[in-house]
Amino acid sequence: MNRLAVVAFSLMACVVHAADTPVTPALDAPIQPYAPGIESPDYIWNDVKGEELMALRANGDPEQGKVAYIVCQGCHGPDAPGDEAGFYPRLSGQRASVLIKQLADVRAGRRDNPKMYPFANEHVITPQDMADIAMYLHGLPMPERHGEGPGSNLALGAKLYKADCDNCHGANGEGDEKKFYPRLEGQHYRYLLRQTIDIRDGVRRNANPDMVSAIKDYSTADVEAVIDYISHMKPKGG
Amino acid sequence: MTETCAACHTQTGNSIAPPFPKLAGMAPDHLAKQLRDFASGARKSEIMYPIASKLKRNEIDPLARFFSAQKRTPGVVTDPALASAGETLYLQGNQEKGVPACAGCHGPNGSGISRFPMLASQNAEYVVQQLQNFRSGARSNDFGLLMRTVTSRLTDDEIQAVAQYVAAMPVVEFGR
């Protein structure tokens, strides 16, 4: 067959092939499984086992994590700044244990996030990747700018924070690596607001029940005030 | 062997026929994987199967290196207005629908990495065809079902737009 014939044949085959392509999506996109959460009577919020335990015990390598993070940065962005609109949280500077736990909870189906799941499941991220990514993200500097609240009721926010939050999350929202308490300083206002309301209302199923009790009587205005206060903390990181 | 490839992809791996991909400049690992997938049937193609399945094991890597080393030619944009719409999707994704920015894996300049192919200056018609094939499941050799997931969240218009943008991206060197 001469070259021209190959081209002609190939073009023909291509047209035929294109016409054969089904129009309706036939994809079985990875669907997030379900695992019992706060709605379940025997739920233990920090029961660490399986791949989460493996990832927590693994020696995370930030260099490897930078590579493994590539599949995350389409949404979370290069250097993980998140976005002020609150769709995606800032991950840079977050506690490594928190990152591993939250990722494990999404993978297990204890934290509902069907959009994220296909990008975070075991076919994409291994338990070692989880450890590597967590160390990489924890070590990233926290940018000075992040989404802040209106600053309209900081006095009430400060009062509520001291009464109900700083015992676990720390005076400057620094969190606690050993206890899986997230760092709050530097996080976007809108993201924190959405998560806190979800936790109060039982929508975030991997929540710490102690936190749910702490804020169960908060009005939405109370939540807004305390998150506003948190969003005005000056991130120290580390 | 490159003669056979050149019939469709040209001597320098810069296919002129819009349905065929440019190979020039792509990561050698990526090209080699595609050839192996064509040969095994993991990536289905009536055109590439008979060719790739006849390749000897030791022919694949040299071919991949040859086309990887070629200089890519600029892409052809047929609808500049669409390309500009595609730029937003490529660089920012779509938060409402959970579409990641293409730039996350393929690089802001479309250079790609070994696991994710170079896109800059690729033939738009080929890109449309591949995105549709991922969406329908006709192409299923993507890493971790990532492209099948992404394309399941794309409309036909978005596929056309992003393909035009990809074609409009300036030629880049592989890697970062």
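Which hand does the crossing of α7(B) and α9(B) have? In this predicted model, the crossing of these two helices is right-handed, and the paragraphs below begin with that pair before turning to the core, to chain A and to a few single residues.

**Two pairs of packed helices**

Helix α7 of chain B, which covers residues 124-136, packs against α9(B) at an angle of about 140°, and the two axes lie 8 Å apart. Because angles over 145 degrees are needed to count as roughly antiparallel, α7(B) is described as oblique to α9(B). On the side of α7(B), the contact is made by Ala124(B), Val127(B), Val128(B), Leu131(B) and Gln132(B), while α9(B) contributes residues including Ile159(B), Ala163(B) and Val166(B).

Chain A offers another pair, made of helix α2 (residues 50-57) and helix α5 (residues 96-108), whose angle is about 160° and whose axes are 9 Å apart. These two helices, α2(A) and α5(A), are therefore roughly antiparallel to each other, and α2(A) passes α5(A) in a right-handed crossing. Glu51(A), Glu52(A), Ala55(A) and Leu56(A) make the contact from α2(A), and they meet Ser97(A), Ile100(A), Lys101(A) and Ala104(A) of α5(A).

**The nonpolar cores**

In soluble globular proteins, nonpolar side chains tend to be buried together. The largest nonpolar core of this model has 77 residues, and Ile100(A), Ala134(A), Ala163(B) and Val166(B) are those with the most contacts inside it. Helix α9 of chain B, residues 156-168, supplies the largest share of this core, namely 8 residues. If neighbours within four places in sequence are left aside, Ala163(B) is in contact with Ala124(B), Val127(B), Val128(B) and Leu131(B), and these four residues also belong to the contact that α7(B) makes with α9(B). A second core, separate from the largest one, has 13 residues, among them Tyr189(A), Tyr191(A), Leu193(A) and Ile227(A).

**Chain A as a whole**

Chain A has 11 helices and 0 strands, and of its 238 residues 41% count as buried. Among the contacts in chain A that link residues at least 6 apart in sequence, 78% join residues at least 24 apart. The average pLDDT of chain A is 90, and 88% of the residues score at least 70. Over residues 1-26 of chain A, however, the pLDDT is below 50, although this stretch has 25 contacts in the model beyond near neighbours in sequence.

**Three residues in loops**

The table sets out where three loop residues lie.

| Residue | Loop | Other C-beta atoms within 10 Å |
|---|---|---|
| Ala17(B) | between α1 (2-9) and α2 (28-40) of chain B | 15 atoms |
| Phe180(A) | between α8 (154-169) and α9 (189-200) of chain A | 18 atoms |
| Leu145(B) | between α7 and α8 (146-152) of chain B | 21 atoms |

Why is Leu145(B) buried? The cut-off for a buried residue is 20 or more other C-beta atoms within 10 Å, and Leu145(B) is buried because it has 21 of them. Phe180(A), with 18, is partly exposed, and Ala17(B), with 15, is partly exposed.

Most residues other than glycine have a negative phi. Phe180(A), however, is not a glycine and has a positive phi of about 65°, and Leu145(B), also a residue other than glycine, has a positive phi near 60°. As for Ala17(B), its C-alpha atom is separated by 21 Å from that of His30(B), which is 13 residues away along the chain.

Definitions and conventions
Residues are numbered from 1 along each chain as its sequence is written. Chains are lettered from A and ligands numbered from 1 in the order in which they are written. This is a predicted model: local features need pLDDT of at least 70, side-chain atom pairs count only at pLDDT 80 or more; totals for chains, interfaces and linings use all residues. A nonpolar core is a set of buried Ala, Val, Leu, Ile, Met, Phe, Trp, Tyr and Cys residues joined through C-beta atoms within 7 Å. A residue is buried if 20 or more other C-beta atoms lie within 10 Å of its own, exposed if 12 or fewer, and partly exposed in between; C-beta atoms are placed from the backbone. Two residues are in contact if their C-beta atoms, placed from the backbone, lie within 7 Å. pLDDT is the predictor's confidence in each residue, from 0 to 100. Axes are lines fitted to C-alpha atoms, for helices over the stretch in contact, and angles run from 0 to 180 degrees between N-to-C directions. Angles under 35 degrees count as roughly parallel, over 145 as roughly antiparallel, 65 to 115 as roughly perpendicular and the rest as oblique. A crossing is left-handed if the near helix is turned anticlockwise from the far one by less than a right angle, and right-handed if clockwise.
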